[in-house]
Amino acid sequence: MTAAAKRSLLAGLRWTSLRLRLVVVFALVALTAAVSASGIAYWLNREAVLTRTQDAALGDFRQEMQNRAASLPLHPTKDDLQNAAVQMASSSPGYSVLLVDKRDGDKPIVGNSNLDTFTLDNVPLSLQQQVNRKQPVEAGNTYPYHLFWQRTSIRGTPYLVAGTRIIGGGPTGYMLKSLDQERQDLNSLAWSLGIATGLALVGSALLAQAAATTVLRPVQRLGDAARKLGEGKLDTRLVVSGTDELADLSRTFNRAASSLEKKVADMSAREESSRRFVADMSHELRTPLTAITAVAEVLEDEADSLDPMIAPAVHLVVSETRRLNDLVENLMEVTRFDAGTARLVLDTVDVADQVTACIDARAWLDAVDLDAERGMMVRLDPRRLDVILANLIGNALKHGGSPVRVSVRTDGDELVIEVRDHGPGIPEDVLPHVFDRFYKASASRPRSEGSGLGLSIAMENAHIHGGDITAANSPDGDGAVFVLRLPRDAEELTRTTRDHGAEARDDEGDAT
């Protein structure tokens, strides 16, 4: 699996990814709609089924009470009630019948169609009271007795219980209708609606995935293209198809990438031209400078024998010639760094010997206090280390205060060289700029003995080793402290850089 595919998969699995949020939103909307529709459908079907069954049973029971119970004698016997109840139940749509009359002394006489399933105990007391209560006959109520019903549960089974009384004298009748079949039908409907809801949820998730893929694929391509553009691949472009908003966005990206590529190319060309100009100028200056330097040295040797009025001018010419020569050398060094042609020439050296040689070559032994143990071996570029040390120590001697202390130690796999002076320190507003090219701390003194490139060149030499230089003021307020950190084995850095370059080329091959 390529790196791009891995990134795409991980992006799709993140909880914060747009794809997952789209799927979740689609699923929630579908779930809400399905549950709402299923609930409404279940409720409407439930009421329709129960009402249909209830109306059929109550209508048949009312008709049977009018046809059979009303035709019984005024004072029926138990057998009369029993026979009438059996006849009513046998012709009914599946319900049991219970007929109740009273003898003298209000002793009840009961006849039922099925003594095992329906007794007076199965009739709720509230329903009995409602059925036997005589209603006042008035304009809005023409009958003293009415048919009442109630849904109840007996031993876990739903039932419809209804009752009415014969008007003008006669038995009271009760009907018991089982609703278990309706409950099973409604349970089957509920399961069907639940399955339909689940299928709708799955379908919405698949639809959301398809929609997310359709919408997010161009966005993902746009993100990959933007990432490549940020990595410096300015020729990256998107294939545009369609006329929708995403296509317009892709066209805008392509126009922006083209404009950026053109501007970067123009800037690179101007920068390359500037670097070439500086390099050519520095190179062309070296020949006349060599001749001028030779003449200046001859004049310096003869300065004591010259007219006293001319001697100061000779010394000034010699000083400025040397300064100009150092500036040209520094410019050439900076040009090599900018062009990327600077290379390390590694060697294994004793750091203490290297620092001592740098100080001795510049006659700084009396002004520098060195704290370094012999035998501290490192692998780096001796010439570039000498340049770094010369700039740091020279800067401390020139702008700081004596004595300048140089301490050398190791910290794990790093070489640490600390250069500390005892001067006034570095102003806080200057600290962020001490390594900038041509930066002068005082705008009123644009001319100085230095070129303003020394610390910048020192930093570039540290970076090419894989190290760094930091500048700060001493915590006790006595002078400035420059700390150089370099890897003890710069060859490891060179090898790692080479391996990374090979890996980058392999990735490009895989992408192709």
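User: How many aromatic pairs does the structure hold?

Analyst: This is a predicted model. One pair is formed by Phe 61 and Tyr 95, and another by Phe 435 and Phe 482. The number of aromatic pairs in the structure is two.

User: What is the geometry of the pair formed by Phe 61 and Tyr 95?

Analyst: The ring centres of Phe 61 and Tyr 95 are 6.2 Å apart, with 85° between the planes. Planes over 60 degrees apart count as edge-to-face. The pair of Phe 61 and Tyr 95 is therefore edge-to-face.

User: Is Tyr 95 buried or exposed?

Analyst: Buried means under 20% relative accessible area. The value for Tyr 95 is 4%, and for its partner Phe 61 the value is 0%. Tyr 95 is therefore buried.

User: How many residues apart in sequence are the parts tied together by Phe 61 and Tyr 95?

Analyst: Phe 61 lies in helix α2 (residues 18-67), whereas Tyr 95 lies in strand β1 (residues 95-102). The pair therefore ties together parts whose separation in sequence is 34 residues.

User: Where in the chain is Phe 482, the partner of Phe 435?

Analyst: Phe 435 and Phe 482 form an edge-to-face pair, 6.1 Å centre to centre, and both residues are buried. Phe 435 sits in the loop between β10 and α10. Phe 482, 47 residues apart from Phe 435, is in strand β12.

User: Which element gives the largest share of the largest nonpolar core?

Analyst: The core has 37 residues, and Ile 417, Ile 469 and Leu 484 have the most contacts inside it. Elements that give two or more residues to this core include α8, β10 and β12. The largest share, seven residues, comes from α9.

How values were computed: Residues numbered from 1 in each chain as written. Predicted model: local features only at pLDDT ≥ 70, side-chain atom pairs only at ≥ 80, totals over all residues. Heavy atoms only, no water. Core = buried A, V, L, I, M, F, W, Y, C linked by side-chain atoms within 4.5 Å. Buried < 20%, exposed > 50% of the residue type's maximum accessible area, 1.4 Å probe, protein only. Helix = DSSP H or I, 4+ residues; strand = E, 2+ residues; numbered from the N terminus. Phe/Tyr/Trp six-rings, centres within 6.5 Å; stacked < 30°, edge-to-face > 60°.
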